[in-house]
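Please open the structure in a viewer and keep the selection panel at hand. The tour below proceeds from one selection to the next.

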Amino acid sequence: MSDTRNIRNLALVGFMGVGKTTIGHLLAAQLDFRFVDTDQLIEAQAGHTIAEIFAKSGEATFRELERQVVQALKTYSNTVIATGGGLPCLGDNLAELKTHALTVCLWASPESVYERVRHQAHRPLLHTPDPLGKIRELLALREPYYRQADILVSTDTRSPRDLVSLLAYEFRSVVQKS
């Protein structure tokens, strides 16, 4: 870890449907931290759902709102942060998170993601005739960014309880070393 990092939070990054929210809530409870979801912070700030922001103002507006939320997160401590799937892929978002958070990428196969999200109408990026193909395409584009996280773990074969235990251990180990 760089001396410029002041790890006091844990940020979960990764594609939609990999378990960031589920794991995030459980991990926050395990660490006695608060939990925040960047999408929920954006919705509260904008007064609209993510789907409404995409429909009315477009993806560029949404990504700017994400950037603003990332800047605000620098003031947080003792927080587990679940990010939107595209957040670490744009600008300096991931680098900004790394200044104060251990970043963990949760990963799942395209097929697992599809099975988890296929009935969720609030996923604007999947409003396409071939959602599995879109998932594969987006995962391929985002993978290089996701791989820059401090820790990468698959959610395909581990239970949420096992993942929480692993990540709580990893976080405590990093904090003790700093």
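The stops that follow visit aromatic pairs, one set of contacts and several salt bridges.

Please bear in mind throughout that this is a predicted model.

**Aromatic pairs**

The count of aromatic pairs in this model comes to three. Begin by selecting Phe54 and Phe62, whose ring centres are 5.1 Å apart with planes at 40°, so this pair is tilted. Both Phe54 and Phe62 are buried.

Next, select Trp107 and Tyr146. The centres of these rings lie 6.2 Å apart and their planes stand at 75°; because planes over 60 degrees apart count as edge-to-face, the pair is edge-to-face. Trp107 belongs to strand E4 (residues 101-107) and Tyr146 to helix H7 (residues 131-146), so the pair ties together parts that are 39 residues apart in sequence. Are these two residues buried or partly exposed? Trp107 is partly exposed, with a relative accessible area of 24%, whereas Tyr146 is buried, at 0%.

**The surroundings of Asp39**

Move now to Asp39, in helix H2 (residues 38-46). Asp39 is partly exposed, with a relative accessible area of 23%. Beyond its neighbours within four places in sequence, which residues does Asp39 contact? They are Ile50, Phe62, Glu66 and Gly84; Phe62 was also part of the tilted pair at the start of the tour. For Ile50, the separation from Asp39 is 11 residues in sequence and 7.0 Å in space, C-alpha to C-alpha.

**Salt bridges**

Side chains of opposite charge can pair when their charged atoms come close. The count of salt bridges in this model is 10.

Select Glu64 and Arg67, which form a salt bridge with their closest N and O atoms 2.7 Å apart. Both lie in helix H4 (residues 59-73), three residues apart, and are thus separated by about one helical turn. Glu64 is partly exposed at 32% relative accessibility, and Arg67 is partly exposed at 37%.

Continue to Glu111 and Arg136, joined by a salt bridge of 2.7 Å, N to O. This pair links distant parts of the chain, with Glu111 in helix H6 (residues 110-117) and Arg136 in helix H7, 25 residues apart.

Remaining with helix H6, select Arg116 together with Asp156; their side chains meet in a salt bridge at 4.0 Å, N to O. Asp156 lies in the loop between strand E5 (151-154) and helix H8 (160-177), so the pair ties together parts that are 40 residues apart in sequence.

Finally, select Arg5, Lys98 and Asp150, which are joined into one network by salt bridges that share partners.

Conventions: Residues are numbered from 1 along each chain as its sequence is written. This is a predicted model: local features need pLDDT of at least 70, side-chain atom pairs count only at pLDDT 80 or more; totals for chains, interfaces and linings use all residues. Side-chain values use heavy atoms; hydrogens and water are left out. Rings of Phe, Tyr and Trp (its six-membered ring) pair if their centres lie within 6.5 Å; planes under 30 degrees apart count as stacked, over 60 as edge-to-face and the rest as tilted. Buried means under 20% relative accessible area, exposed over 50%, partly exposed in between (1.4 Å probe, protein chains only). Helices (H or I, at least four residues) and strands (E, at least two) are DSSP runs, numbered from the N terminus. Contact means heavy atoms within 4.5 Å.
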